[in-house]
Amino acid sequence: MDRQLVRCTLWEKLWNVGSVISMEDGVVDTVPIRTVNRQCSSGLQAVADVAAYIKAGFYDIGIGAGLECMTIDRIDRVRPINPKVETFPQARDCLLPMGMTSENVTQRYGVTREEQDLAAVESHRRAAAARASGLFEDEIVPVPTKIVNRETGEVKHVIISADDGIRPGTNMEDLSKLKPAFRADGTSTAGNSSQVSDGAGAVLLMKRRLANRKGLPILGVFRSFTAVGVDPAVMGIGPAAAIPAAVKVAGLELDDISIFEINEAFASQFVYCCKKLKLDPRKVNVNGGAIALGHPLGATGARCVATLLNEMKRRGEDCRYGVISMCIGSGMGAAAVFERGDC
C-alpha cells in the first residue's frame, strides 16, 4: 500500500476504540490511530481531518469512521460537574440535556408541535420508501451477530442488514397522542426526536490519482468543511450557521447545492434550520433522516456521507454538489460540501 494507511476513528470515549477496531479488521499494528470527539459531528470531523491531511500531503489514503452504542452508553446518566461551571451561566447551558435545547428552539423561534410531527411523518415516509426500493443496500454492510434469550440462554444467530427503526405507518394522529418527553409543557416527543440507536460507518478517502491507479470508483470529492459556534442553549440551530459558511468556503452559493443531508437530532431544530435557510423540502433528507434512521452520535457523520454520495450518484448530472450538516451538543454546528465524483 502506498505510503501509510491512516485510520482516523472516533467515539464518545476517552480510550482509543480505533485501535481495538483496527486490530479486529486486520490492520497491522504499525498503523497510527487517532480518536476524535466532536459530539454529534465526530464522524464528519474524522472524514474532514483525513481529507485535510491528504490535501496537505501528509497521507495518500485514510479512513474516517465512527461508531456509537447508544443502547449501552446511556446518555441520560448523571455525570459529575465542575463546580466552577456554576459561575458562568452560558457554561451551564453547555451541559443542558439535548432535549431541553430542543424545547428552547421551539420557544425562541416559534416552531410548533404540528410542524415537528409533520417532519417526523415525512422522515419515516421517505425512509420507508427508500428501504422498500432498495436504495440503502449499497451503503449498508450486513453484520452477523447473535441474540441471546436471557431467560433460556437460547442463542439465535441473525444478520442485521437493514435499519430497524423505520416505522412506515407513522401518522399525525398517532404522534399527536405522545406526551412531551423533556418538559411537561413542551412539544418535543419520542416521536419527533431522533431514536436511541446503535450504529457504525466508515468512509475511505484518497488522492484521485491513487484511486485511479487502484481502479477504485470515485463517488465524491470533498470540497469544504466548516464548524461554527452557536448559543449552547439552542445548539440545534447549528446547521443554519454552518451550511452557509461551508458553501462559501467551497466558492459556491446555496442555490448551487442540489441535495442536503441535515441530521434530524430533533424535528424542532431540523424544521428551524430548513426554514431559516429557505431550503426546498424536496432537496433535504430525500431518503429520510435520523428521526426514522436513528442518530448514533459518533456514526452519524459517516452515515450521512454514504447516504449523500450514493444519492448523488443515482441522480447523475442533475446533482453536482451536496451538503452534509448537523448540530453539535454544547453549541456548535458543522457542515461539509461534496462534489459528485465523476464531475
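This briefing covers one open sheet, the helices that pack on it, and two residues, Glu261 and Arg320. The model is predicted: local features need pLDDT of at least 70, side-chain atom pairs count only at pLDDT 80 or more, and totals for chains, interfaces and linings use all residues. Residues are numbered from 1 along each chain as its sequence is written, and side-chain values use heavy atoms, with hydrogens and water left out.

**The sheet**

- Four strands make up an open sheet with mixed pairing, in the order β7-β10-β9-β8.
- Strands (E, at least two residues) and helices (H or I, at least four residues) are DSSP runs, numbered from the N terminus.
- Two strands pair if DSSP finds at least two bridges between them.
- β7 (220-229) and β8 (259-262) are the edge strands, each pairing on one side only.
- On average, neighbouring strands of this sheet are turned by 15° against each other, direction ignored.
- β7 and β10 (residues 332-340) run antiparallel and are joined by nine bridges.
- Ser224 has Val337 in β10 as its bridge partner.

**Helices on the sheet**

- Helix α2 (residues 42-56) lies across β7, β9 (321-328) and β10, and runs at about 120° to β7.
- Helix α8 (residues 238-249) also packs on the sheet. It touches β7, β8, β9 and β10, and its direction makes about 40° with that of β10.
- Axes are lines fitted to C-alpha atoms, for helices over the stretch in contact; angles run from 0 to 180 degrees between N-to-C directions.
- Contact means heavy atoms within 4.5 Å.

**Glu261**

- Glu261 sits in strand β8.
- Glu261 counts as buried because its relative accessibility is 2%; buried means under 20% relative accessible area, exposed over 50%, and partly exposed in between (1.4 Å probe, protein chains only).
- Beyond its neighbours within four places in sequence, Glu261 has contacts including Asn285, Arg303, Thr307, Val323 and Ser325.

**Arg320**

- Arg320 lies in the loop between α11 (300-315) and β9.
- Its relative accessible area is 41%, so Arg320 is partly exposed.
- Arg320 and Arg340 are 20 residues apart along the chain, and their C-alpha atoms are separated by 5.2 Å.
- Not counting residues up to four places away in sequence, Arg320 touches Ser258, Met312, Phe338, Glu339, Arg340 and Cys343.
- The Arg320 side chain makes a polar contact of 2.7 Å with that of Glu339, and one of 3.4 Å with that of Tyr321.
- A polar contact is a pair of N or O atoms within 3.5 Å; within protein, one must be able to donate a hydrogen and the other to accept it, and residues adjacent in sequence count only if both atoms are side-chain atoms.
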